[in-house]
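Please open the model in a viewer and keep the selection panel at hand. The tour proceeds by selections, each followed by a description of what is found there.

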Amino acid sequence: MRGRGAQAVDRETRSGVAAEARLGRPSGACAPTGSWLLRGNDDRLSVYALVEAGVHRWTETAVGSGRFDGPDLFPVEGLTSLAVAQGANRYAHFLGRRERSGGGGAKTDLVYAVQYQTGRTLGDWRSLGNPFRDPRDAASLGAPTAAVDGQGTVHVFVSGGPGGVMLRREARSGAWEAWKDLRGGVVAGGLSAAANSAGLVELLAPGHRSVMRWVQTEPGADLRRAQDLTPAPAPGSAALLETAPGVFTAYWSEQSGTGVYAQRPGEWAFPAGGAPGEGPHATLRAAVDGYDCTVLAHQGRTGTAVLGVCGTGAESGGLWWTDTGVDCAGTPALALDGHGRIVMAVVAADGAVLVNRQRPEPGLTLADWERLSGS
């Protein structure tokens, strides 16, 4: 698959993209965690970004058009991070970490909203509280992640406080259950969760010596701790992709900088090459030249967005890695548009949101980057 499943990705970029990454929050948008480029129930794509005043959304004007309306602003004050998750019904679920000033100092909690249809408004933001009672533990609340199981139940995961992972999920009645402690060791960086085609949820939590893992073995069941993954991960670098029916492959960056590792249940971890920088990997399964391929994207060690491709299940042979040449802040996003073409989005170093699409030619070749209006 190497050399045939993907060709060189264009390095052309539109003018105005910053050449150097800046530290801290960009003046424009921030990339959420999870799949912040989503295909809705009418097959149009939406792009979501965290901005100072809340959440920006751009929506494709027609299926596969490559043109986006927006941004629409959904105000919410005090968000420090945003995660987006999608279930089988393609509803978009938003989880944010929020800090507000109040009597006695800052208050930290999680907030939740949902979008049911492409291009329509979000429902009301509501607080999910904070699982930690001690003020110092509550202030250490991490960035949330979420997954939606086959029954449409939203699972919200967060770390912080004394360590381990906390879970809160919806009951079948639509009410939210109490927080549950999944335990585990101290979490180093962000969590990653997903549901497979059978509707079962899996969670990865990078620790200091291994990637901790929890799995759901039957619909509606509690998540149970599974065997940790090694070698030691870079903080917050873990990601999941279903590469066979009901089977997730885990991907993470190795702590000492030797590249990306991949592992499936019952197999040894194997190196897949690359030179990733900080943050997790975006994952996608797509057909390239008629081959079933796995596509990864991440921020590379030099700060640019990097794309990797291999035959699905063939990571042990290495991925074909290509640097796009575009500096990015945070993790890129990947999705298939309504015509089955691979689409990639990044938040550039200047806070602009850029979108690119697979060219209609052999291999995986991207077109020119387009800057979304208002970003």
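The stops below concern salt bridges first and internal cavities afterwards.

**Before selecting.** The model is a predicted one. Across it, 20 salt bridges are present; the stops that follow visit some of them.

**Stop 1: residues 98 and 109.** Select arginine 98 and aspartate 109, whose side chains form a salt bridge with 2.7 Å between the closest N and O atoms. Colouring by secondary structure places aspartate 109 in strand S8 (residues 105–115) and arginine 98 in strand S7 (residues 92–102), so this pair ties together parts eleven residues apart in sequence. Are the two partners buried or exposed? Aspartate 109 has a relative accessibility of 7% and counts as buried. Arginine 98, at 13%, is likewise classed as buried, because the cut-off for that class is under 20% relative accessible area.

**Stop 2: residues 39 and 43.** Move next to arginine 39 and aspartate 43, where a salt bridge joins the side chains at an N to O distance of 3.1 Å. Here arginine 39 has a relative accessible area of 23% and is partly exposed. Its partner, aspartate 43, is also partly exposed, at 26% relative accessibility.

**Stop 3: residues 225 and 228.** Select arginine 225 together with aspartate 228; their side chains meet in a salt bridge, with 3.0 Å from N to O. Arginine 225 is partly exposed, its relative accessible area being 38%. Aspartate 228 falls into the partly exposed class with 28%.

**Stop 4: a network.** Which residues should be selected together to display a network of salt bridges? Choose Glu60, Asp337, Arg341 and Arg357, which are linked in such a network.

**Stop 5: the cavities.** Now turn from side-chain pairs to enclosed space. Rolling a probe the size of a water molecule over the atoms shows where empty space is left. How many cavities of 30 Å³ or more does a search of the whole structure find? The search returns two, and the largest of them holds about 60 Å³ of space. To centre the view on this largest cavity, select Gly40, Tyr48, Gln86, Arg90 and Gln115, which are the closest to its centre among the 13 residues lining it. Then highlight strand S2 (37–39) and strand S3 (45–51), the elements that contribute two or more residues to this lining. Finally, colour the lining of the largest cavity by residue class: four residues are nonpolar, seven are polar and two are charged.

Definitions and conventions:
Residues numbered from 1 in each chain as written. Predicted model: local features only at pLDDT ≥ 70, side-chain atom pairs only at ≥ 80, totals over all residues. Heavy atoms only, no water. Salt bridge = Lys/Arg side-chain N within 4 Å of Asp/Glu carboxyl O. Buried < 20%, exposed > 50% of the residue type's maximum accessible area, 1.4 Å probe, protein only. Helix = DSSP H or I, 4+ residues; strand = E, 2+ residues; numbered from the N terminus. 1 Å grid on protein atoms, 1.4 Å probe; cavity = no way out; pocket = protein on both sides within 12 Å on 5 of 7 lines; lining within 4 Å. Points joined across faces, edges and corners; volume = space filled by probe spheres on them. Nonpolar A, V, L, I, M, F, W, Y, C, P; charged D, E, K, R; others polar.
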